[in-house]
Every structure is written in C-alpha cells, then in structure tokens.
Amino acid sequence: MRVLVFGSNDWSDYNDLIRQITLLIEDNKHHYPDDKEFTFVHKGSRGAETMVTEYIGKTEKFLAQKGYKIKEELVRDRSSLSDVKMMESDPGIAMVFGDSARNKKMIALLKAMEIPYRYF
C-alpha cells in the first residue's frame with residue numbers, strides 16, 4: 001500500500017504518529033491480510049514527515065521479522081505540482097498531520113480525487 005504523508009512543520013507528537021501508523025498497519029492487516037508492504041511517500045519536510053523517516057529507521061527490522069516490508073519514498077521536488085503527482089501515484093491512503101495551509105489544500109485535493117485519508 002502506498003501511503004502519502006503530509007505534515008505541518010509544527011507537528012511534534014511523535015507518539016501519536018507512531019500510534020496512527022500502527023493503527024493503519026493493524027487495520028490493513030484485518031482488511032487485506034496478504035498486503036504486508038507499505039511505502040510511505042513524502043517530501044521530508046520538518047515535523048511529521050521527518051518523523052516518518054525516523055519511525056521507519058527504528059522499526060523496519062522489527063516489522064520485517066513479522067513479515068512486513070516497510071519502505072520510504074522521498075519526493076525531492078518541493079513544488080506544489082509534486083503534491084499532485086504524489087496523489088496520481090495510486091496511493092491507498094493519505095495521512096495528514098496538523099493544520100497548515102498546504103494540508104488544507106491537500107485535503108481538498110484528496111477529497112476531489114476520492115483518495116481516502118486520515119486527518120490528525
């Protein structure tokens with residue numbers, strides 16, 4: 001499953017991020033038990049997006065032991081056009097952390113493109 005991650009620069013609750021990713025993986029396990037591959041796609045902005053990198057680094061080996069393949073895809077292009085390209089990359093879900101002007105635009109676009117998302 002491709003998971004888009006959008007975060008505001010001031011998101012600072014690492015524990016909540018861990019909790020939300022864990023819930024996503026657990027929910028997916030119940031609905032799609034054979035789908036154990038997750039690719040987290042983001043731009044590496046401060047806040048939640050850099051926390052995803054930290055989370056993957058800390059849990060990748062542990063989750064691999066449970067049969068999961070966790071990857072990260074870092075989008076280097078910082079333009080707003082790259083946000084649209086991310087959404088056109090066939091994501092399974094998006095995770096939106098925090099309140100920012102960019103996140104508000106992304107939620108509107110996610111709704112318009114009928115991409116499921118979770119907002120925190």
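**Exercise 1. Set out the order of the elements, then judge the overall form.**

From the N terminus, the protein runs β-α-β-α-β-α-β-α-β. That comes to 4 helices and 5 strands. Helices (H or I, at least four residues) and strands (E, at least two) are DSSP runs, numbered from the N terminus. The radius of gyration is 13 Å, close to the 14 Å of the globule rule for 120 residues, so the protein is as compact as a globular protein of that length. This radius is taken over C-alpha atoms, and the rule is 2.2 Å times the number of residues to the power 0.38.

The model is predicted: local features need pLDDT of at least 70, side-chain atom pairs count only at pLDDT 80 or more, and totals for chains, interfaces and linings use all residues. Residues are numbered from 1 along each chain as its sequence is written, and side-chain values use heavy atoms, without hydrogens and water.

**Exercise 2. Find the largest nonpolar core and its contributors.**

Start with the term: a nonpolar core is a set of buried (under 20% relative accessible area, 1.4 Å probe, protein chains only) Ala, Val, Leu, Ile, Met, Phe, Trp, Tyr and Cys residues joined through side-chain atoms within 4.5 Å. The largest one has 22 residues, and L17 and F40 touch the most other members. Two or more residues each come from β1 (2-7), α1 (14-31), β2 (37-42), α2 (48-65) and β4 (93-97). The largest share, 6 residues, is from α2. Another core lies apart, with 12 residues, including L4 and M106.

**Exercise 3. List the contacts of L17.**

Leave out residues up to four places away in sequence. L17 then touches W11, A48, M51, V52, Y55 and F97. Contact means heavy atoms within 4.5 Å.

Key:
Buried < 20%, exposed > 50% of the residue type's maximum accessible area, 1.4 Å probe, protein only.
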